[in-house]
Amino acid sequence: MSTSSPAMDESSYQNPVEGTGDDVATTVNEGVIVDVEGRKRSFPWTKMLVGAILVGIIIYVIVDSATTGNIRAGLEYFLGWIETNVIAGVFAFTGVYFVATIAFVPGSILTLGSGFVFGGALGLGPGVALATTAVFVGASLGSVAAFLIGRYLLRDRVRGGLVEKYPIVMALDEAFKRKGFFIFLLLRLSPIVPFNAINYIGGITSIKLRDYTLALLGMLPGTILYCFIGATAGSLTTGSMSGPATIASIVIGIILGLIAVFVVSYYARKEFDKIVAQQERLKTEHQSSDSIEGPNDSTVVRPAEDLA
């Protein structure tokens with residue numbers, strides 16, 4: 001009796017499909033996906049195109065930063081334009097921050113730059129407020145967009161790339177169902193995982209979009225501090241603030257701000273470590289109980305004579 005499987009075209013292959021909760025065998029042939037029940041689905045060309053564009057942008061940013069520096073020069077020109085067009089600059093800066101968040105551009109330079117420009121144009125207080133608003137809105141919109149891209153468009157790419165670098169996040173996937181808001185708030189308060197990376201990784205976890213969005217409030221302490229430092233430099237550069245007492249108070253304010261952010265980050269990290277330890281303990285207990293009970297512990301084995 002032959003045990004060989006039916007022949008298959010070299011242009012076809014079988015693979016599991018994600019997203020249904022079950023492993024469903026599919027066959028891909030000539031750009032059409034056909035599952036075991038005979039339903040046809042189009043090949044995800046759109047997802048592949050979007051993914052290729054985003055990857056291309058990220059590669060260009062990395063190469064440019066190490067070679068020509070065109071992006072850095074463009075940012076400097078953009079910040080100069082904002083200084084002379086404050087209102088339009090707020091909306092433009094929000095849009096740029098939105099794109100930068102999706103494209104993995106480091107946000108710290110933009111955040112400091114926003115404080116510097118708006119602080120120089122409007123003074124320390126109004127400059128910090130306006131810069132913080134523009135940065136927070138742009139970063140929040142970009143974070144939500146990256147979250148949705150990771151969840152619906154680039155799920156496999158994120159799982160195969162970023163998750164391998166930061167496996168601790170996926171280890172807490174079960175906890176996200178119960179404490180998603182709290183855990184992601186801790187991740188925002190403490191830079192355990194880089195800002196741009198956690199946006200995409202969050203998309204493939206079990207956290208709800210609502211909890212993820214509310215947890216973005218954890219970005220505010222660091223955003224305010226960076227904007228304050230940038231606005232201070234901008235105000236000092238334009239001469240709107242001067243005098244030893246003023247400068248001393250600003251330096252003290254920056255130091256106290258750094259200490260406050262450090263303390264918040266420290267305790268957020270400690271709380272996060274507690275959650276990780278608790279999740280690992282629950283996982284170990286679950287595995288131990290499974291090994292003790294056995295696969296068919298509830299099955300009653302009847303003697304052979306009773307079956308006669």
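## Val263 and its patch

Val263 is partly exposed, at 37% relative accessible area. That value comes from a predicted model, as does everything else below. Val263 sits in helix H13, a long run of the chain covering residues 244–293.

Val263 isn't on its own out there. Together with Val251, Ile252, Ile255, Leu256, Ile259, Phe262, Tyr266 and Tyr267, Val263 makes a nonpolar surface patch of about 900 Å². At 37%, Val263 clears the bar for patch membership, because a patch residue needs over 30% relative accessible area.

## Two salt bridges

How many salt bridges does the structure hold? The count is two. As background, side chains of opposite charge can pair when their charged atoms come close.

Let's start with the one in H13. Arg269 and Asp273 join their side chains in a salt bridge, at 3.3 Å from N to O. The pair lies four residues apart in helix H13, so about one helical turn separates Arg269 from Asp273. Both ends are partly exposed: Arg269 has 39% relative accessibility, and Asp273 has a relative accessible area of 37%.

The other bridge links the side chains of Arg210 and Asp211, with an N to O distance of 3.5 Å. Here the two ends part ways in terms of exposure. Asp211 is buried, at a relative accessible area of 15%, whereas Arg210 counts as exposed, at 53%. The cut-offs are what put them in those classes: Asp211 is buried because 15% is under 20%, and Arg210 is exposed because 53% is over 50%.

## H5 against H10

Now for some helix packing. Helix H5 takes in residues 124–152 and helix H10 residues 195–203, and the two pack with their axes 6 Å apart at an angle of about 45°. That angle makes H5 oblique to H10. As for handedness, H5 passes H10 in a right-handed crossing.

## Leu217 in its loop

Where does Leu217 sit? Look in the loop between helix H11 (209–214) and helix H12 (220–238). Leu217 counts as partly exposed, with 47% relative accessibility; that class applies because 47% falls between the 20% and 50% limits.

Leu217 also has a partner from elsewhere in the chain to check in the viewer. Leu185 is 32 residues away from Leu217 in sequence, yet their C-alpha atoms are 7.3 Å apart in space.

How values were computed. Residues numbered from 1 in each chain as written. Predicted model: local features only at pLDDT ≥ 70, side-chain atom pairs only at ≥ 80, totals over all residues. Heavy atoms only, no water. Salt bridge = Lys/Arg side-chain N within 4 Å of Asp/Glu carboxyl O. Buried < 20%, exposed > 50% of the residue type's maximum accessible area, 1.4 Å probe, protein only. Patch = residues over 30% accessible without salt bridge, like charges linked within 9 Å, V, L, I, M, F, W, Y side chains within 5 Å. Areas by Shrake-Rupley, 256 points an atom, 1.4 Å probe, with all protein chains shown as cover. Axes fitted to C-alpha atoms, helices over the stretch in contact; angles between N-to-C directions. Parallel < 35°, antiparallel > 145°, perpendicular 65-115°, else oblique. Left-handed = near helix turned anticlockwise from the far one by under 90°.
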